[in-house]
Amino acid sequence: MGYPDQRFDVNLSILFTELPLLERPAAAAAAGFTAVELWWPWIETPTPPQAELDALKKALDDAGTQLVGLNFYAGQLPGPDRGALSVPGTESDRFRANIEVAADFAASVGCTALNALYGNRVEGADPQVQDALALENLVLAARAADRIGAILLVETLNKPESPLYPLVSAPAAIEVVDKVNAATGLGNAKFLLDLYHLSMNGEDLSQVVKAYAAKTGHVQIADNPGRGAPGTGDLPLERLLDELKDAGYAGWVGLEYKPGDRPSAESFDWLPVSARAAG
């Protein structure tokens with residue numbers, strides 16, 4: 001048990017950001033990792049030119065890294081936005097324009113998990129209208145994910161850092177997951193369990209693991225306080241990951257932490273090199 005018993009991937013949208021996007025897969029591989037994940041890399045557009053998609057695929061292939069998680073278009077992230085799918089008007093339209101683009105790219109690189117960030121509450125918009133729009137868009141996204149044999153992820157964020165985001169508890173995200181699955185009948189909507197965000201919300205992490213491991217499709221970690229590497233804060237991450245495994249979770253664990261003042265490659269000293277390549 002412990003860290004060497006997990007399947008880790010590196011989030012290239014928060015780690016190795018000192019490098020251009022197309023150099024990050026090779027940097028992750030040089031650090032010993034064989035799996036990576038990404039937020040939607042083109043924050044300005046849901047529909048980048050095919051040449052840019054092809055270049056990212058080539059960078060992943062050349063590095064020998066497997067993309068195991070990809071966000072749909074989520075607006076300005078990093079930045080003020082926390083998703084687009086529940087935001088009426090232009091942002092919802094941009095999300096819809098992105099659905100098949102993201103799904104097709106995921107299919108081209110063998111990625112089987114697509115994360116759909118819910119989006120912030122908007123001043124002047126009725127929350128019920130936003131939630132109805134969200135369900136509509138999540139159903140479309142779930143069907144696109146199913147078409148390529150992928151799961152759709154719904155994520156809880158934390159209220160201190162994302163005060164306008166409505167899904168700031170595990171039960172809130174689980175409720176959305178259940179609604180999507182009821183609407184599609186596909187059963188491919190899953191919970192993205194991020195231990196950092198849940199800890200920031202003050203949730204009982206062991207209880208969340210116990211209650212929702214069966215509905216969890218992906219896990220992400222960072223320590224708290226500080227959102228740094230494991231060991232820089234107080235979270236018992238090794239124990240919690242063991243609890244997830246004991247509860248039946250056998251999927252990926254995304255490293256979604258800030259490297260601090262040092263280069264990203266130096267932030268992995270908590271994990272033996274022999275445990276970085278996903279078997």
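**View 1. Helix α5, residues 170-184, has the span expected from its length.** At 1.5 Å a residue (the expected span being 1.5 Å times one less than the number of residues), the 15 residues of α5 should span 21 Å, and the end C-alpha atoms are 21 Å apart, which agrees. Helices here are DSSP runs of H or I with at least four residues, and strands are runs of E with at least two, numbered from the N terminus. This is a predicted model, in which local features need pLDDT of at least 70 and side-chain atom pairs count only at pLDDT 80 or more, while totals for chains, interfaces and linings use all residues. Residues are numbered from 1 along each chain as its sequence is written, and side-chain values use heavy atoms, with hydrogens and water left out.

**View 2. The buried residues of α5 pack against several neighbouring elements.** Among the residues of α5 that are buried (under 20% relative accessible area, with exposed meaning over 50% and partly exposed in between, for a 1.4 Å probe and protein chains only) are Ala170, Ile174, Val177, Asn181 and Thr184. The partners of these buried residues, taking contact as heavy atoms within 4.5 Å, are the helices α4 (127-147), α6 (195-200) and α7 (205-212), together with the strands β5 (151-155) and β6 (189-194).

**View 3. The two ends of α5 are marked by Ser169 and Gly185.** At the N-terminal end, Ser169 caps the helix, with a side-chain oxygen 3.1 Å from the backbone nitrogen of Ala172. Just after the helix, Gly185 takes a positive phi of about 70 degrees.

**View 4. Two loops each hold a proline that follows a cis peptide bond.** In the loop between β3 (66-71) and α3 (90-109) lies Pro78, and the bond that joins Leu77 to Pro78 is cis, with omega near 5 degrees. Pro225 lies in the loop between β7 (216-221) and α8 (237-246), where the bond from Asn224 to Pro225 is cis, also with omega near 5 degrees.

**View 5. Phe16 and Arg227 have positive phi values although neither is a glycine.** For Phe16, found in the loop between β1 (7-11) and α1 (24-30), phi is near 65 degrees, and the residue is buried, with a relative accessible area of 3%. For Arg227, found in the loop between β7 and α8, phi is near 55 degrees, and this residue is buried too, with a relative accessible area of 11%.

Terms used: A polar contact is a pair of N or O atoms within 3.5 Å; within protein, one must be able to donate a hydrogen and the other to accept it, and residues adjacent in sequence count only if both atoms are side-chain atoms.
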